[in-house]
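Colleague: Could you take me through this model? I would like to begin with a helix start and then move on to the strands and the rings.

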Amino acid sequence: SRGVRTPAPSPFPRRAPPAASGNSVRVRARRERRPGGARFRGMGSVVASICSPCGGSLPPAPKAAPALSNHGGDHATANGERAASKAASTEASSAPPPEPDVVVEEPPKPVPTTPITVETLQGDWVNSVGAKIKVTGVEVSLNGMPMKMHPVMLNDDGTVASVGRIWQLKGWREEDQIEFKEAPSREVMEFARSVYWTRATESRMQQWEEQMSGLGYSGSSKDVLNRGIEGCMPGSCDAKARIVVSDDSKRDKEELALLNKLIQDFRFSGLHKIPPRRVIPDYSNRGHTGLSVEHVHYLATSFKEKGFQKRRNNTGHDIPVLVREQRNSDLGKRSVENWRAKLRDEKGFPPPEHYEQLFSQDEFYTSLGNGHFNQALNLFFCECTSLYKDVKYTVGNDAPLREAVYQGVDAIVLRPEITLRDRETISRLLNSKREYKWGVREDGSVDIADASEDHSTCKQFEAMSKVLDAVELNCLVRSELNIKDSHRVGQ
């Protein structure tokens with residue numbers, strides 16, 4: 001409400017303001033483009049009117065002359081339209097982009113800590129290798145087939161320990177999902193493959209049905225118990241999707257080349273006769289499940305009844321592949337503990353006292369290939385009793401067998417620094433490439449890469465015995481021998 005006082009005229013002449021430079025024009029233009037620029041321009045007008053010698057407003061700026069084209073036409077209107085369009089586009093481009101919709105994700109649910117009891121397992125599950133599982137009481141059914149010999153096993157405190165001798169419980173992985181280890185005992189479960197049980201829901205069962213149909217488990221193979229011919233059962237042989245190699249011959253050559261390289265990289269020169277009593281299975285052998293006691297007795301029975309066939313001219317028994325191991329090395333300790341656990345769980349191998357003498361030594365050998373062969377010879381060394389007959393394994397007058405039992409057979413020996421992964425690869429390829437017969441040169445070297453494939457027929461038992469784990473191989477031997485009333489049925 002206060003009036004604006006007009007200052008008295010100054011006795012000194014006012015200096016004309018300097019002409020606006022290009023920089024000041026640009027600065028003023030930037031200020032006018034800032035938010036609130038109109039307010040600053042208004043304040044500038046008030047200040048100018050206060051400081052003006054006349055106390056009034058500034059004189060209006062002279063009008064610019066109209067722009068002429070080459071033809072003398074007036075382009076001011078067109079220029080104005082273009083300027084307005086440019087200003088509008090500048091304003092639109094400088095507008096902030098719209099903020100994206102914020103999706104609030106639910107925090108992950110904590111892993112359950114409640115103990116897993118037999119009540120926890122009741123109901124339907126789907127495991128990570130494609131099998132449907134149903135638990136009723138302590139009975140477990142796999143794809144509708146009750147596994148009578150593999151019920152739910154409990155600890156002393158009532159918590160679940162395992163499902164028979166095929167899955168060892170590890171614990172909760174997440175809500176409604178439990179992790180098992182595919183191992184026959186807890187002593188060897190640490191590095192075994194994990195199998196996950198997930199609680200069956202309607203949506204998960206629909207996904208399972210689609211997966212099984214895509215893998216070929218449809219039509220009559222869905223009901224394996226009522227079909228007229230022997231067929232596939234989902235989950236019984238690992239129904240996980242796998243990469244299919246179209247050129248099998250190329251794959252065989254590549255895997256043989258890999259096997260040859262690993263053996264050549266780590267082998268000691270020449271062949272070495274190693275007595276079987278100094279050999280135990282390597283920790284990596286057959287997926288850490290060790291040996292099949294029934295296959296060991298199967299071979300020993302064959303040696304006793306048919307005589308020992310010594311290897312001659314690259315024919316006969318396979319060449320053992322061994323690792324010279326140290327007692328105090330990490331893999332040496334694992335091999336010893338794994339074999340000790342096997343001897344406690346499986347009655348039928350040579351007695352533990354036989355191996356404890358070996359474990360007290362600084363050096364011993366572990367087998368990557370032909371492990372059953374060496375332990376079958378140890379049955380003769382200890383004169384053990386057969387699993388199936390009340391007879392002892394004795395050498396008698398079989399000279400080749402005596403030599404193999406007490407002196408050993410020619411073997412490839414690898415250095416102890418070979419890694420666990422490379423041991424597993426050698427063990428797996430020695431069994432899976434059994435149809436490729438490779439020989440030994442005079443200097444003891446081998447060249448597996450050029451091995452020729454043996455197209456002669458062999459028994460299905462022999463082919464399957466190379467790729468099964470210890471538990472599966474026990475069952476295969478009983479089937480081969482038609483044994484149905486042994487105390488070992490179900491083990």
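Modeller: A definition comes first: a polar contact is a pair of N or O atoms within 3.5 Å, and within protein one must be able to donate a hydrogen and the other to accept it, while residues adjacent in sequence count only if both atoms are side-chain atoms. The model is predicted, so local features need pLDDT of at least 70 and side-chain atom pairs 80 or more, whereas totals for chains, interfaces and linings use all residues. Residues are numbered from 1 along each chain as its sequence is written, and side-chain values use heavy atoms, without hydrogens and water.

Colleague: Which side-chain oxygen reaches the backbone nitrogen of Gly 332 at the start of H7?

Modeller: That of Ser 329, which comes to within 3.0 Å of the nitrogen. H7 spans residues 330–345; helices (H or I, at least four residues) and strands (E, at least two) are DSSP runs, numbered from the N terminus.

Colleague: How many residues does H7 have, and how far does it reach?

Modeller: Helix H7 has 16 residues and reaches 23 Å from its first C-alpha to its last.

Colleague: Which residues of H7 are buried?

Modeller: Buried means under 20% relative accessible area, exposed over 50%, and partly exposed in between (1.4 Å probe, protein chains only). The buried residues of H7 are Leu 331, Gly 332, Ser 335, Val 336, Asn 338, Trp 339, Ala 341, Lys 342 and Leu 343.

Colleague: Trp 339 catches my eye. Which ring does Trp 339 pair with, and at what angle?

Modeller: Some background on ring pairs is needed. Rings of Phe, Tyr and Trp (its six-membered ring) pair if their centres lie within 6.5 Å; planes under 30 degrees apart are stacked, over 60 edge-to-face, and the rest tilted. By this rule there are 11 aromatic pairs. In one of them, the rings of Phe 191 and Tyr 283 have centres 5.8 Å apart and planes at 85°, so this pair is edge-to-face. Phe 191 lies in the loop between E8 and E9, and Tyr 283 in the loop between E11 and helix H6, 92 residues apart. Phe 191 is partly exposed at 34% relative accessible area, while Tyr 283 is buried at 6%. As for Trp 339, its partner is Tyr 355: the centres are 5.6 Å apart and the planes at 85°, so this pair is edge-to-face. Trp 339 belongs to helix H7 and Tyr 355 to helix H8 (residues 352–359), so the pair ties together parts 16 residues apart in sequence. Trp 339 has 2% relative accessibility and counts as buried; Tyr 355 is buried, at 0%.

Colleague: And which residues form a ring cluster?

Modeller: Trp 125, Trp 167, Phe 180 and Trp 197 are linked by ring pairs into a cluster.

Colleague: Changing topic, what is the strand order in the open sheet?

Modeller: Its 9 strands run E4-E3-E2-E1-E9-E8-E7-E6-E5, with antiparallel pairing; two strands pair if DSSP finds at least two bridges between them. E4 (145–146) and E5 (152–154) stand at the edges with a single partner strand each, so one side of each lacks a neighbour in the sheet. E3 (residues 139–142) pairs with E4 over 2 bridges, and Leu 142 has Met 145 as its bridge partner in E4.

Colleague: How many bridges join E6 to E7? And which residue in that hairpin has a positive phi?

Modeller: Strands E6 (residues 160–163) and E7 (residues 167–174) run antiparallel and are joined by 2 bridges, and Val 163 partners Trp 167. Gly 164 takes a positive phi near 55° in this hairpin, which has 3 residues between the strands.

Colleague: What about the hairpin of E7 and E8?

Modeller: That hairpin has 2 residues between its strands, and Asp 176 has a positive phi near 65°. E7 and E8 (residues 177–181) pair over 5 bridges, also antiparallel, and Glu 174 stands opposite Gln 177.

Key. The expected span of a helix is 1.5 Å times one less than its number of residues.
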